[in-house]
Amino acid sequence: MNSEQSPMPEAVTTDDHAFAVWAAEQAGARLLEVRAQGLEGRALKDAGDAAAQEVLAALLAEHRPDDRVLSEEAVDDKARLSASRVWIIDPLDGTREFSEPPREDWAVHVALWVDGVLVAGAVAQPALGETFSTLNPVVVPPRTSEKVRIAVSRSRPPAFVEKLAAEIDAELVPMGSAGVKVMAVVRDVADAYVHAGGQYEWDNAAPVAVARAAGLLCSRVDGSELVYNKDDVQLPDLIVCRPELAETIVGFVRRHGID
Ligand SMILES: Nc1ncnc2c1ncn2[C@@H]1O[C@H](COP(=O)(O)O)[C@@H](OP(=O)(O)O)[C@H]1O
Ligand SMILES: [Mg+2]
């Protein structure tokens, strides 16, 4: 991390939205450096995961020492279960795509959960030089596609989403990283992101915070609430979509299930 290149904004000390953005961007800058080192495959994945975790852990320890942290890359400290403020972070989401330069579909996730609510979040897409956040909530552009576009996992697309797409004549848009797929809906690259079959709180906490601030609908695929900072951190399915599509998607799941 080069603090000269990226001086800390003053707001970072007092504003959780500003901290989330800055921390995600610092980890993103480190990830771009790691990606330039000439590593490949598993070595590049491991170096990326470790480097981004190191940056975020250090910044959280320095600037939010009283808060708890739930990270994909750290031992789960269950003290978070009785804490009021918990940062839910995924230092590198889309690790697979990170290890396949020049792919751009990988992200850094930083979210803050306070007493049951996701109150702040940032999703940095370092390869794009973009960070989406609750600091400056995005105004979702008007829909540019007549056909519904559903973002799905590039490597693990759920089978039921293909049936859903066939029923509503939608197009599937495969890409890596949960954060990137949620931001695709925020940016009008897709109209919905539908996932099932496995995921963890860190994969979607920050993306959901950002999407909600942008006015998008976020829920489990059966329409129930997404609940964070649980003992079991699996959160295997979700929908993020333009509000007008929610009933169609949830209705399909209620009629057909997700098998
Ligand atoms: N079936 C599954 N089980 C567990 N994790 C899954 C999963 N499908 C997706 N994920 C996780 O969700 C993130 C986005 O996946 P995808 O790109 O396939 O949509 C990835 O996070 P990480 O890259 O942080 O591991 C991936 O590990
Ligand atoms: Mg992840």
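The crossing of helices α1 and α2 is right-handed in this predicted model. Helix α1 spans residues 16-35, and helix α2 spans residues 41-63. Their axes lie 9 Å apart and pack at an angle of about 150°. Angles over 145 degrees count as roughly antiparallel, and α1 and α2 are therefore roughly antiparallel to each other.

Residues from both helices build this contact. Helix α1 contributes F19, A23, Q26, A27, R30, L31 and V34. Helix α2 meets them with A47, G48, A51, A52, V55, L56, L59 and H63. Of the residues in the contact, eleven are nonpolar, three are polar and one is charged.

Further along the chain, an open sheet is formed by five strands. Their order is β7-β6-β8-β10-β9, and the pairing is mixed. Strands β7 (171-175) and β9 (217-219) stand at the edges. Each has a single partner strand, so one side of each is left without a neighbour in the sheet. On average, neighbouring strands are turned by 20° against each other, direction ignored.

Within the sheet, strands β6 (residues 149-153) and β8 (residues 192-195) run parallel. Two bridges join them. Here A151 stands opposite Y193 in β8.

Two helices pack on the sheet. Helix α4 (residues 159-168) touches β6, β7 and β8. The direction of α4 makes about 145° with that of β7. Helix α7 (residues 246-256) touches β8, β9 and β10 (238-241). The direction of α7 makes about 160° with that of β10. Strand β8 is thus touched by α4 and by α7.

Terms used
Residues are numbered from 1 along each chain as its sequence is written. Chains are lettered from A and ligands numbered from 1 in the order in which they are written. This is a predicted model: local features need pLDDT of at least 70, side-chain atom pairs count only at pLDDT 80 or more; totals for chains, interfaces and linings use all residues. Two strands pair if DSSP finds at least two bridges between them. Helices (H or I, at least four residues) and strands (E, at least two) are DSSP runs, numbered from the N terminus. Axes are lines fitted to C-alpha atoms, for helices over the stretch in contact, and angles run from 0 to 180 degrees between N-to-C directions. Two residues are in contact if their C-beta atoms, placed from the backbone, lie within 7 Å. Angles under 35 degrees count as roughly parallel, over 145 as roughly antiparallel, 65 to 115 as roughly perpendicular and the rest as oblique. A crossing is left-handed if the near helix is turned anticlockwise from the far one by less than a right angle, and right-handed if clockwise. Ala, Val, Leu, Ile, Met, Phe, Trp, Tyr, Cys and Pro count as nonpolar, Asp, Glu, Lys and Arg as charged, and the others, Gly among them, as polar.
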